[in-house]
Amino acid sequence: MKIRGKTWKFGADIDTDAIIPARYLNTSDPAELARHCMEDADPQFPDKVGEGDIIVADKNFGCGSSREHAPIAIKAAGVSAVVAKSFARIFYRNAFNIGLPIFESPDAVDAINEGDEVLIDTEKGTITNLKTGEQYTSTAFPPFMLELIEAGGLINYVNRRVQD
Amino acid sequence: MGMTITEKILAAHSGKKKVSPGELINCRVDVVLGNDITAPVAIKEFEKIGVESVFDKDRVVLVPDHFIPNKDIKSAEQAKILREFARKHELTNYFEVGRMGIEHCLLPEQGIVGPGDVVVGADSHTCTYGALGAFSTGVGSTDMAAAMATGEVWFKVPESIKFIFQGEKLNPWVSGKDLILYIIGKIGVDGALYKAMEFTGPVISSLSMDSRFTMANMAIEAGGKNGIFAPDEITLAYVKGRTKRPYTLYESDADAEYAAVYEIDARDIEPQVAFPHLPENTRPISEVGNVEIDKVVIGSCTNGRLEDLRTAAAVLKGRKVHDRVRAIVFPGTQEIYKQAMKEGLFEIFIDANVAVSTPTCGPCLGGHMGILAKGERAVATTNRNFVGRMGHPESEVYLSNPAVAAASAIMGRIVAPWEVK
Ligand code: SF4
């Protein structure tokens, strides 16, 4: 799979309260969550983000709560992938489980500027900055994750298993 | 080579003699937990899986506690999803208003979790039960759905970090909250990312259960997968008469391998305060300076237990909250509430002009029951001080132990308990 999009940059330790503040968690409707995506990190983000855009962030993205509403809000806002130096572990699981592709690549994060177009090759695990032509590698998905992704997320995967 | 307590528990639950860090395992879980924010999403996913019932009706636990008592129509609808699911699947452990408490205070108290268990909860502070010598960790709603259906979860076996607290006793007014804030201040909010945090040492051997819960609770604030204590007499005295299922006691082997070992001298630790907007921004109370406050919140799954309320009451007794400050206490569970009432703590709080709330997560996550306005500043005994955590994005949260919070409520600025006049 190839993912191509325009980038938005964020700093370190972007927490789940910044991604989707608890004041909006009385619903789990993706469209409604998307309207407040990243609001406490950048109040204008929900208006300016476009379909297919990519979030590029520093270390420990998604730290804090276990709310799956966070990756759901990002995905529903149209974001096609998140590239970060590292992810908090529950966010990491959740993103895979709901089908939001995420990539760890400190080099890519340092070199990409906001607004650059990037191309991600999910099979090869490469991230290319189309503006500069530079290419970076990302940690490959662990085998277990590949299986999950192939099945189309955790629920389909489990579904398959309980039918066996 | 030996195994850590975390590795032993995971091995036992995945049918293996030995597991090593990095290994992917499929693990049997003893308890699966969800709340009124995460369970509705999980229930929706569960229904797509196509199984008739949950894997075990005694082991799927639902606790509505976040927007409870329901703060508005939308949250009432969310809570209703839990209620109907609990009825349909005849769940033994569903806790309605009047019986409920904050999930991480409630589960140990009700004996639902015990030493040696593997617990997953769709709430990041599920790591709290490590205080009992269980492996417990937060997952997302989809993980919860799969676990409800199968009774299993996949894990990558984490590396462990050992924290040894040396010394004979803690400094005055220092409790578990200060030990954990001190560590987070040292290693940062991702200092234990993906790792197990094991707490040991002479100071830990005499640490109360309530303080241990506080420490395990905040493992996630260092990015940890779990926080864990080897069970001892203090643990056993706590679980006795509570835990209904048989339990197993594990401890780390002397030759177990650790990714890092930290030795900490308890004499170096004074009460800690985490400044906005990350739990790692800690300062000892002597270096806080003049920080005026508008609000004090004492409670939550971090510090809403009896020991915490007793400490706050000891500071507040015979005194009054500063004119400029609103103070609120929210006990963790109905049982804690009742005990605090019996001991006369509520009288002390009320005489001091502190509001006492029913058990709820309420203010801790900026949900309801005391939200901060723009520019307001709070001292809270909770676990997170992220931007907007307790209200307006331009409000501020300072994290502390209950003694510092109570003292600050009286003085109107952040102070140590010994500064209260
Ligand atoms: S008290 Fe706060 S941290 Fe604990 S479960 Fe509730 S919202 Fe989460």
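These are my notebook entries on the cores, interfaces and salt bridges of a predicted model.

**Entry 1. Nonpolar cores**

I began with the largest nonpolar core, which has 147 residues. Within this core, A:Phe61 and B:Phe165 have the most contacts. I then checked how the domains of chain B enter: domain 1 (5-264) and domain 2 (272-419) each give the core at least three residues. I recorded a further core lying apart from this one, with 46 residues, among them A:Tyr157, B:Val32, B:Ala42 and B:Val118.

For A:Phe61 I listed the contacts beyond four places in sequence; they include A:Ile14, A:Ile19, A:Met38, A:Ile55, A:Phe87 and A:Phe91. A:Ser86 is also one of the residues in contact with A:Phe61.

**Entry 2. Chain A against chain B**

I looked up the extent of this interface and found that about 3,800 Å² is buried between chain A and chain B. Carbon and sulfur atoms carry 57% of that area. Chain A brings 42 residues to the contact and chain B brings 50 residues. I asked which three residues give the most of the area that chain A buries against chain B. They are A:Asn26, A:Arg89 and A:Arg93, which together supply 20%.

I next turned to the polar side of the interface, where 19 residue pairs are in polar contact, counting pairs with both residues at pLDDT 80 or more. Four salt bridges cross between chain A and chain B. I noted the one between A:Lys59 and B:Asp190, whose closest N and O atoms are 3.4 Å apart. On the chain A side, I found that helices α4 (69-76), α5 (89-98), α7 (143-151) and α8 (154-163) each supply at least two of the residues touching chain B.

**Entry 3. Salt bridges within the chains**

I counted 33 salt bridges over all chains. In chain A I examined A:Arg67 and A:Asp17, whose closest N and O atoms lie 3.3 Å apart. A:Arg67 sits in the loop between β2 (54-57) and α4 of chain A and A:Asp17 in helix α1 (residues 16-19), so this salt bridge ties together parts 50 residues apart in sequence. I found both A:Arg67 and A:Asp17 buried.

In chain B I looked at B:Lys48 and B:Glu45, which form a salt bridge at 2.9 Å, N to O. Both residues belong to helix α2 (residues 39-49) of chain B and stand three residues apart, about one turn of the helix. Is each partner buried or partly exposed? B:Lys48 is partly exposed, at 47% relative accessible area, while B:Glu45 is buried, at 15%.

I also noted a network in which salt bridges with shared partners join B:Arg28, B:Asp30, B:Asp56 and B:Arg59.

**Entry 4. The two domains of chain B**

I took the domains of chain B as 5-264 and 272-419. Their centres, taken over C-alpha atoms, are 24 Å apart. In the contact between them, 41 residues of domain 1 meet 40 residues of domain 2. I recorded a buried area of about 3,200 Å², 60% of it from carbon and sulfur atoms.

One salt bridge crosses this interface. I looked at B:Glu221 and B:Arg384, whose side chains meet in a salt bridge at 2.5 Å, N to O. B:Arg384 and B:Glu221 are both buried. I counted 27 residue pairs in polar contact across the domain interface. From domain 1, the elements α4 (103-109), α6 (176-187) and α8 of chain B each give two or more residues to the side touching domain 2. I noted that α6 of chain B gives the largest share, six residues.

Note on methods
Residues are numbered from 1 along each chain as its sequence is written. Chains are lettered from A and ligands numbered from 1 in the order in which they are written. This is a predicted model: local features need pLDDT of at least 70, side-chain atom pairs count only at pLDDT 80 or more; totals for chains, interfaces and linings use all residues. Side-chain values use heavy atoms; hydrogens and water are left out. A nonpolar core is a set of buried Ala, Val, Leu, Ile, Met, Phe, Trp, Tyr and Cys residues joined through side-chain atoms within 4.5 Å. Buried means under 20% relative accessible area, exposed over 50%, partly exposed in between (1.4 Å probe, protein chains only). Domain bounds come from an automatic or database domain assignment. Contact means heavy atoms within 4.5 Å. Buried area is the accessible area (1.4 Å probe) that two parts lose on being put together, summed over both. A polar contact is a pair of N or O atoms within 3.5 Å; within protein, one must be able to donate a hydrogen and the other to accept it, and residues adjacent in sequence count only if both atoms are side-chain atoms. Helices (H or I, at least four residues) and strands (E, at least two) are DSSP runs, numbered from the N terminus.
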